[in-house]
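User: I am new to this structure and would like a close look at one part of it. Could you walk me through the salt bridges and what surrounds them?

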Amino acid sequence: MKILRQSLSNRIVHWVSAISILMLIITGFGQMPLYGRYLVVQPPGTRWLTSYEITLYMHYIFAAVLLFIIFYHLAYHFLRKEFHILPKKGDLKASFEIIKAMILRRPEPASEKYLPEQRLAYAYFAFAIAMVVITGIFKVIKNIQGVNVSNSLILWGAQLHNLATMLIILGIIMHLAAFAFKANRKMLSGMFTGYVNKEYVQERHSIWYHELEGQEEKKEN
């Protein structure tokens, strides 16, 4: 049996965010510019990466897509009052206990719909993305004709934007590295089909599973 873990809305937000962030990283490096200087062998279809104008416009397009999906995500969950993914007190210690249990192959502590480390990862990405968005908006504003910005602010804005980008790249690496643990791989189907195995939920997300059981009993009564 399967249990719905990720709604269609969550899956759309996840993949649109992932694609737009990936393209923002690629086009952002193109504006430095790196590809024209260091990409000795250019695969077919990548010539546009050496054009500053094209990578700039593409960067703006995917930045707009990311902004849209962020506002949609916030509004959707705020209106539905769904805050399962927000960090909670004790998540850091609980994450350590779960990781230790996975490494030592011991039973994990009971968890809710999202594991403590997933909630912390969400907060990490939220901070990094907010930082890159705010500094990105600043970089756009300073290019508007008639707007005068001091050189020190321009420098700090660029440095913070680059720092936020590095934080996101580091977060993506850690996010993918989490699937090195076999237990985490069972969550993958949820981001493609939305559903995960019932046995997986019973074993690893027992608190959430009991909540689902309670909801079913209320419906039947």
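Here is what I would like to follow: the salt bridges, and then the surface patches.

Analyst: Happy to help, and we can begin with the setting. This is a predicted model, in which local features need pLDDT of at least 70 and side-chain atom pairs count only at pLDDT 80 or more, while totals for chains, interfaces and linings use all residues. Residues are numbered from 1 along each chain as its sequence is written, and side-chain values use heavy atoms, with hydrogens and water left out.

The chain has ten helices and two strands (DSSP runs numbered from the N terminus, with helices being H or I of at least four residues and strands E of at least two). Along the sequence they come in the order β-α-α-α-α-α-α-α-α-β-α-α. The C-alpha trace spans about 65 × 40 × 35 Å along its principal axes. Of the 221 residues, 30% are buried (buried means under 20% relative accessible area, exposed over 50% and partly exposed in between, with a 1.4 Å probe and protein chains only).

Now to the part you asked about. Side chains of opposite charge can pair when their charged atoms come close. The structure holds five salt bridges (a side-chain nitrogen of Lys or Arg within 4 Å of a carboxyl oxygen of Asp or Glu). One of them joins Asp-91 and Arg-119, at 2.7 Å from N to O. Asp-91 belongs to helix α4 (residues 91–104) and Arg-119 to helix α5 (residues 116–141), so this pair ties together parts that are 28 residues apart in sequence. Both Asp-91 and Arg-119 are buried.

Helix α4 also holds a salt bridge between Lys-100 and Glu-97, which sit three residues apart, about one turn of the helix. Their N to O distance is 3.6 Å. Lys-100 counts as partly exposed because its relative accessibility is 33%, and Glu-97 is partly exposed too, with a relative accessible area of 29%.

Another salt bridge links Glu-108 with Arg-204, at 2.9 Å from N to O. Glu-108 lies in the loop between α4 and α5, and Arg-204 in helix α9 (residues 198–204), so the pair ties together parts that are 96 residues apart in sequence. Glu-108 is partly exposed, at 23% relative accessibility, whereas Arg-204 is buried, at 5%.

Other charged side chains gather in surface patches. Patches are made of residues with over 30% relative accessible area and no salt bridge, where like charges are joined within 9 Å and nonpolar side chains (Val, Leu, Ile, Met, Phe, Trp, Tyr) within 5 Å. Accessible areas come from the Shrake-Rupley method with a 1.4 Å probe, and for residues only the protein chains shown count as cover. Lys and Arg count as positive and Asp and Glu as negative, leaving out His and the chain ends, and each charge is placed at NZ of Lys, CZ of Arg, CG of Asp or CD of Glu.

The positive patch brings together Arg-105, Lys-182, Arg-185 and Lys-186. Lys-182 lies in helix α7 (residues 182–185) and counts as exposed because its relative accessibility is 65%. A negative patch is formed by Glu-213, Glu-216, Glu-217 and Glu-220, with Glu-217 in helix α10 (residues 206–220).

Finally, Trp-15, Ile-19, Leu-188 and Phe-192 make a nonpolar surface patch of about 390 Å². The elements giving two or more residues to this nonpolar patch are α1 (8–30) and α8 (188–192). Leu-188, in helix α8, is partly exposed at 34% relative accessibility.
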